[in-house]
Amino acid sequence: MAKITISYRRDDSMDITGRIFDRLTSRYGRETVFRDIDSIPPGLDFREHIQASIEDSDVLMVVVGPRWMGGSRHGRPRIHAETDYVRIEVEAALNRHIPVIPLLVGGADMPQPSQLPENIREFAYRNAVQIDSGRDFDHHMNGLIRATDKILLSAQTSAPAASAVPGSIDRRPSDSEAKTKQQTTPAGSAAQSSLFLALVGSVMTVIGLMHIAWFTSNLSSVLAAGAVAQMFQDVWTYADMSFGFGGLIIGISMIAGAHWARSSGIILCLLAASSNLLWFSEYFDRGLPRLMLVGTGLTSLLAAVGAYLLLFHWPSPADKH
């Protein structure tokens, strides 16, 4: 049986969503159109409840009003919260690759990709339908219903066609298979993502600790010789301070999963690799301790490896969640 699910934010578009719901149910019947999937029994995991509701849907209609992004929480719109019901509904539908139709109400515009979390930015590119609450309401709804008829017809005809092909399976997994996939695949991806962040964060931390060690060693020497002012006239002193404390902060933040750590880490790794190679070439023949030269070469190598991993192997948003 076909299923249409309506997603909306109650403090944004509850009234017009009720009109849209009534119009759709008069066309398709109450057994086909669903809303308020966030009415979740106490004690249940609301992510699993929402995903199960979306799993059986053929189309998700997202009612977008002027306050669809949600009120600010900690300086960011509610849509950026991982526990936001609307975000989870949209993400579940996008991951399932079913039609997602934005319904613009109250003069709202589609959000820009940069305004949305990474894992639902694709929503910004979905073709929207304008629904006017005034005299054009019926006209706009008739256009939406015609488009929905085509979507449901395509969904109903594709399922029997897939079942008729020898060796093929239905496009929807069984409840047990879907539940197993939800429990194992995301968990495995999340574990790999956490391991990657811990690895690269550790590399950044080691780079920071090595530069702090050089800075501390040099500072101890100049304090004993009374040449502190001369030390801080050398540009390499400030390089050690920047790479040292910067590497520590970025490394620890990366292990903690901070979003900004990737871009900062790339910049620091590239600067650290190039500056250490420059220092190595400048001081190689000045009779410095071999341990210092080896440490400089090792730091350059770690920084190059860190930049490569951050540029080409950063986990996707789906893996992180």
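Let's start with Arg 27, which is partly exposed, at a relative accessible area of 41%. Keep in mind that we are looking at a predicted model. The side chain of Arg 27 meets that of Asp 149 in a salt bridge, 3.1 Å from N to O. Arg 27 belongs to helix H1 and Asp 149 to helix H4, residues 137-164, so this pair ties together parts that lie 122 residues apart in sequence. And Asp 149? With 26% relative accessibility, Asp 149 is partly exposed too.

How many salt bridges does a search of the whole structure find? The count is six. Another one involves helix H1 again: Arg 78 pairs with Asp 11, and their closest N and O atoms are 3.3 Å apart. This pair also links distant parts of the chain, as Asp 11 is in helix H1 (residues 10-28), while Arg 78 sits in the loop between strand S5 (76-77) and helix H3 (85-96), 67 residues away. Asp 11 is partly exposed, with a relative accessible area of 42%.

Then there is the salt bridge between the side chains of Arg 47 and Asp 45, at 2.8 Å from N to O. Arg 47 has a relative accessible area of 47% and counts as partly exposed. Asp 45 is partly exposed as well, at 26%.

Now let's move to the strands, and to S6 in particular. Is strand S6, residues 100-104, mostly covered or mostly open? Mostly covered: five of its five residues are buried. You may remember that side chains in a regular strand alternate between the two faces of the sheet. Here, Val 100, Pro 102 and Leu 104 point one way from S6, Ile 101 and Leu 103 point the other way, and all of them are buried.

Which strands pair with S6? One is strand S3, residues 59-64, which runs parallel to S6 and is joined to it by five bridges. In that pairing, Leu 60 stands opposite Val 100. The other is strand S7, residues 129-130, also paired in the parallel sense, over two bridges. There, Leu 104 of S6 stands opposite Gln 130.

Last stop, the surface. Phe 245, Ile 249 and Trp 260 form a nonpolar patch there, with about 330 Å² of accessible area together. Trp 260 is found in the loop between helix H7 (235-255) and helix H8 (261-283). Why can Trp 260 be part of a patch? Its relative accessible area is 42%, so Trp 260 passes the cut-off of over 30% that patch residues need.

That's my tour, folks; over to you!

Definitions and conventions: Residues numbered from 1 in each chain as written. Predicted model: local features only at pLDDT ≥ 70, side-chain atom pairs only at ≥ 80, totals over all residues. Heavy atoms only, no water. Patch = residues over 30% accessible without salt bridge, like charges linked within 9 Å, V, L, I, M, F, W, Y side chains within 5 Å. Areas by Shrake-Rupley, 256 points an atom, 1.4 Å probe, with all protein chains shown as cover. Salt bridge = Lys/Arg side-chain N within 4 Å of Asp/Glu carboxyl O. Helix = DSSP H or I, 4+ residues; strand = E, 2+ residues; numbered from the N terminus. Buried < 20%, exposed > 50% of the residue type's maximum accessible area, 1.4 Å probe, protein only. Pairing = 2+ DSSP bridges.
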